[in-house]
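The turns below ask how each structural label is earned, setting a value against the cut-off behind it.

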Amino acid sequence: MRQVDRDDAERFVGRQAELGTLMAALAEAAPGRVTRRILTGEPGAGRTALLNRYVRLAEDRGHTVVHLTGQPGVAPWRHAIAAQLGLSQRILAEGEVEDEGDRESVTAGAAGAASGGGGGGGAWGGGGVGCRPMGADVDGHRSLPASAALAIDRALAGLAPAGALVLAVDDLDLAGPEALPLLDELARARDGVPVVQVVTLQEGRSARLEPEVARLLVNSRTIHLGGLSAPDSALLVQRMTRLNIRPATLTAFHRVCAGNPRLLVELLHDFAANSREYNVKEVESATLPASTENVMRLLARNHPGAAGVLTAAAIVGDRSEPRLLAHLSDLDLPDAMRAADRLVRMRLLQDDGGLQLRHPVLRSSLLAAMTHMARDAAHLKAAAYLHQMHAPVEDIAAQLIASGTPLDATWCTPLLLEAGRLASADGRGAAALAYVEHAARTASGPERDRTLVVLTDVRMADGLPEGIEQGLTALKSVTEEESRSKLLARLGAGLYLRAPQDSGADALQLVVRTAASHERNAWAALHRILVNEEHHAPTDLAERTRRLRSSGHLTARTLGVRVLPERLRPAADATALYQRYLAGADPGPLVTEVERLLVDEERVCTHPVALMNALMVLAWTGRYDSLACHVENFENCGLSRGNALQGTLLLSVKARVSFARGNVREACEQFAECLERLTLIRTAAHNPLRLGVVAAYVQALLESGDHRAAERLLRENTAAEEPPGWSYGTVLLARSAHCLTVGDFTGALRHLYEARRRAQSAGIAARAVVPWRLHGISVMDQLGRKTEARAWATEEVAGSAAAGSDLEHGVALRALGSVLGGPEGERSLRHAVRLLEGAGARLELAHATADLGTAVADEGRWDEAGAILASALSLADACGAAPLTATVRQRLTALGGDSTGQLALRAAAALTVREKQVLVGAVRGHSNTSLAADLHITKRTVEIHLSSAYRKLAIRGRKDFDRIFRVPGLWAVLLQGEGPLT
């Protein structure tokens with residue numbers, strides 16, 4: 001058996017600040033006066049150890065110390081005082097003197113007291129104070145016999161102290177009325193000698209003779225002892241064990257004991273006696289039965305009702321409140337509140353934000369001391385009461401799951417599911433899992449089926465392997481058809497995200513065996529097609545889906561599908577339309593069909609990947625308004641509600657919509673959240689969805705100007721060996737775009753060519769899916785390969801015109817106009833601006849408008865160019881496209897011409913942000929005083945900024961506003977970056 005070093009355990013640890021306070025009081029004590037200090041704190045806080053340390057230091061420094069330990073009754077006190085002062089106990093008890101000389105001294109002292117004169121006392125004084133006839137009362141309090149007082153005086157004088165007299169009394173509150181006069185005599189003021197009285201009191205302990213105790217505590221200063229600090233707790237553990245214990249375990253010791261020294265020591269002795277391992281789990285599960293029994297015995301003896309309240313607080317945990325404690329302890333509310341107040345004063349409970357035990361190990365010990373049945377009954381009683389009182393859902397759920405016995409009430413399962421939903425939404429997956437697992441154990445029938453679906457959702461959020469396993473297990477037992485469909489939807493998304501490189505054959509066979517039915521077989525066949533999109537030509541997959549849609553010929557050998565069930569047809573149709581779009585079919589009719597399918601929300605959700613494919617067709621063709629509406633509907637449809645995986649898929653689509661609409665910052669936040677979710681559930685690194693999110697996120701970061709974040713994202717999501725498949729082509733294009741940003745033209749070209757190769761070899765004909773040609777136009781233009789750039793741009797314009805998408809055609813025309821230049825290029829750019837204005841793609845519109853302004857400026861029409869660039873500046877700033885904003889501002893500043901309009905635009909672009917704010921406010925009619933108050937600056941500062949703005953704009957003041965703001969685009973330039981002032 002391992003041993004704990006008991007000598008080290010008795011060493012003084014911590015309390016340096018409190019010890020310093022006591023020693024300072026000793027050093028500052030004045031002759032003829034009494035300095036009083038009280039040490040108080042929770043049980044086991046180390047009051048006695050601190051007092052003993054203080055006594056030793058006082059003795060080492062030459063002070064006279066009388067050190068007493070409190071006990072009930074007067075006899076122990078007499079014995080202790082007599083032993084330390086060399087007196088007989090008889091003279092302290094009866095006031096009898098030893099010889100005639102003593103008797104005369106006593107009589108003289110008594111007479112002096114009666115006449116108000118001084119009396120003996122020698123160097124210690126003492127005459128006239130405390131020497132009274134035996135048994136006399138003063139001010140209603142029992143006094144010490146005169147002979148006993150004189151004997152104490154003589155004994156103290158005989159000690160011939162060189163310093164102060166220190167009276168140290170441990171557990172003063174145990175003293176009875178007969179003992180207090182002895183202490184009163186010891187602690188009274190003495191001529192020429194400093195007296196320092198230090199006593200300990202246990203917080204919350206009821207002193208039976210409070211008036212007498214109060215006489216000794218007049219003008220005392222109190223020092224409260226709480227738990228040790230975490231470093232001091234660690235030091236104590238290491239001194240006792242002499243082991244190299246991990247920091248986390250040391251922290252656990254401190255946490256479960258709340259730094260209480262006595263509990264720490266007892267816990268360490270328990271570890272040594274039982275040869276327990278020093279790790280966090282062992283520490284957090286430890287109990288101290290002996291300490292708990294001592295506390296309960298103390299409470300039962302001194303504070304009736306407090307023991308029951310403490311046990312109730314242990315049952316409830318962190319959310320105790322007086323009414324619940326009264327209910328569980330069978331007390332009236334006032335009695336329970338008084339008991340709780342006593343426990344708080346004893347520092348056994350803390351009441352910051354609800355009553356709870358200060359020491360977790362004490363709570364564990366109290367619960368361990370109860371039988372399982374008693375504990376379960378108490379938790380269920382608490383849950384029923386909290387439900388009756390309409391307490392917060394999770395407070396009730398915490399009591400339900402703490403009981404091993406389910407409560408037979410109809411409200412339990414819905415409440416637990418709601419608690420699980422709240423915990424999951426708050427990111428507390430472990431709590432959500434505990435609530436929902438308990439609900440699954442208590443529910444029955446259709447309610448249990450629905451609970452198993454929720455449990456699968458919670459498991460999926462914790463990780464795909466766990467979620468898939470839970471979904472397969474649940475599929476074996478559910479009987480409700482709607483619940484089966486929901487489970488299949490979860491399994492479809494989970495299997496797709498977990499293993500994009502194969503069809504998840506093992507899991508699919510489990511699905512078929514688990515739910516042997518024609519519909520499950522057909523669902524598995526559809527899933528095989530969806531997860532093989534990366535590795536087969538879209539024309540082949542479209543044909544396979546068509547055959548599955550019309551008959552079971554495709555999978556009759558393996559899965560026994562004869563005719564596709566009606567419930568699965570929308571998902572299969574969506575898959576076929578997606579494959580046909582990839583293969584280059586006319587998108588017009590396809591979009592119409594997709595819109596029709598998405599109306600059937602419940603059935604198209606039978607496989608989330610099919611839903612995702614349908615939504616991406618709308619995204620690639622620029623139907624953003626319709627897309628946003630469908631996403632909102634699917635977030636609230638029955639099969640999707642609570643499905644975290646489908647929510648993640650939909651979030652990726654929402655981010656794309658935000659980006660296209662020009663909300664770059666919002667898009668970055670949504671992409672980041674989506675990627676975080678995919679990482680948390682352990683999605684496969686090369687899953688097509690994840691790759692698409694990474695690529696789009698990089699593009700958004702580049703548009704926002706955060707090139708370093710884009711580089712970091714690419715580095716974190718790029719493996720040494722590039723994955724196969726065409727979806728990685730989007731990441732390659734993102735890498736190419738980043739290379740262009742940092743001037744790596746060779747890398748940009750290499751990634752571009754690889755993306756083109758992958759798309760062409762996979763048969764991806766839809767231009768918006770892997771837009772290598774559109775990106776390549778910019779690469780070739782910057783490399784000076786104008787002929788190739790124009791050829792690709794012309795080809796892109798022709799193809800986008802045939803596609804019938806305003807977004808695709810507008811983007812292609814912008815690319816062509818940028819590389820053509822001259823009047824022909826300007827015509828293409830104007831056409832692009834018109835198309836993009838109607839497409840709702842604000843970011844692309846900002847780029848096209850900026851290019852148009854540059855083209856007009858190149859033709860020498862500077863006034864018109866200034867107005868166009870001002871509009872582009874406003875658009876770029878609203879989108880949060882920082883690099884584009886900076887570029888347009890530079891173009892405005894660099895405009896040629898010396899007309900009033902050009903000079904004004906260049907001057908406006910050169911204004912500082914504060915100058916713009918002040919000038920815009922002035923134009924809007926604000927006075928200088930009002931502007932100063934709104935902008936939190938002085939009026940003089942407003943005047944300085946206005947003067948600077950007037951000088952740059954070559955105007956004399958507010959009277960020239962009408963003239964200067966006739967310049968087209970000037971107001972838009974001023975509003976760009978002017979801040980929140982309205």
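Two strands pair if DSSP finds at least two bridges between them; helices (H or I, at least four residues) and strands (E, at least two) are themselves DSSP runs, numbered from the N terminus. This is a predicted model, in which local features need pLDDT of at least 70 and side-chain atom pairs count only at pLDDT 80 or more, while totals for chains, interfaces and linings use all residues. Residues are numbered from 1 along each chain as its sequence is written, and side-chain values use heavy atoms, with hydrogens and water left out.

Q: What makes β2 and β5 a strand pair?
A: Pairing asks for at least two bridges, and strand β2 (residues 64-69) is joined to β5 by six bridges in the parallel sense. Within this pairing, Val65 has Val166 of β5 as its bridge partner.

Q: How do you know that β6 pairs with β5 and with β1?
A: Strand β6 (residues 195-202) runs parallel to β5 and shares five bridges with it, and Val169 stands opposite Val199 of β6. Strand β1 (residues 34-41) is likewise parallel to β6, with eight bridges between them, and Val34 has Val195 as its bridge partner in β6. Set against the requirement of at least two bridges, five bridges make a pair of β5 and β6, and eight bridges make a pair of β1 and β6.

Q: Why is Arg190 called buried, and where does Arg190 lie?
A: Buried means under 20% relative accessible area, exposed over 50%, and partly exposed in between, with a 1.4 Å probe and protein chains only. Arg190 has a relative accessibility of 1% and therefore counts as buried. Its place is in the loop between α8 (180-186) and β6, and its C-alpha is 9.5 Å from that of Leu165, a residue 25 positions away in sequence.

Q: Why is Cys629 called partly exposed, and why does Cys674 count as buried?
A: The relative accessible area of Cys629 is 42%, which falls between the two limits, so Cys629 is partly exposed. Cys674, at 0%, is under the lower limit and is therefore buried.

Q: How do you know how many disulfides the structure holds?
A: A disulfide is a pair of cysteine sulfur atoms within 2.5 Å, and by that criterion the structure holds zero disulfides.

Q: What makes β5 and β6 covered on both faces?
A: In a regular strand the side chains alternate between the two faces of the sheet. In β5 (residues 165-170), six of six residues are buried: Leu165, Leu167 and Val169 lie on one side, and Val166, Ala168 and Asp170 on the other. In β6, eight of eight residues are buried, with Val195, Gln197, Val199 and Leu201 on one side and Val196, Val198, Thr200 and Gln202 on the other.

Q: Why is helix α48 described as largely enclosed?
A: Eight of the 11 residues of α48 (residues 913-923) are buried, so the helix is largely enclosed by the rest of the structure. Among the buried residues are Glu915, Lys916, Val918 and Leu919. Gly925, which follows α48, has a positive phi near 100 degrees.

Q: Why is the pair of Tyr578 and Trp620 called stacked?
A: Rings of Phe, Tyr and Trp (its six-membered ring) pair if their centres lie within 6.5 Å, and planes under 30 degrees apart count as stacked, over 60 as edge-to-face and the rest as tilted. The ring centres of Tyr578 and Trp620 are 6.1 Å apart and their planes are at 25 degrees, so this pair is stacked. The pair links distant parts of the chain, with Tyr578 in α29 (residues 569-582) and Trp620 in α32 (residues 608-620), 42 residues apart. Both Tyr578 and Trp620 are buried.

Q: What makes 204 residues a nonpolar core?
A: A nonpolar core is a set of buried Ala, Val, Leu, Ile, Met, Phe, Trp, Tyr and Cys residues joined through side-chain atoms within 4.5 Å. The largest such core has 204 residues, and Leu615 is one of those with the most contacts inside it. Apart from it lies another core of 26 residues, including Val66 and Leu167.
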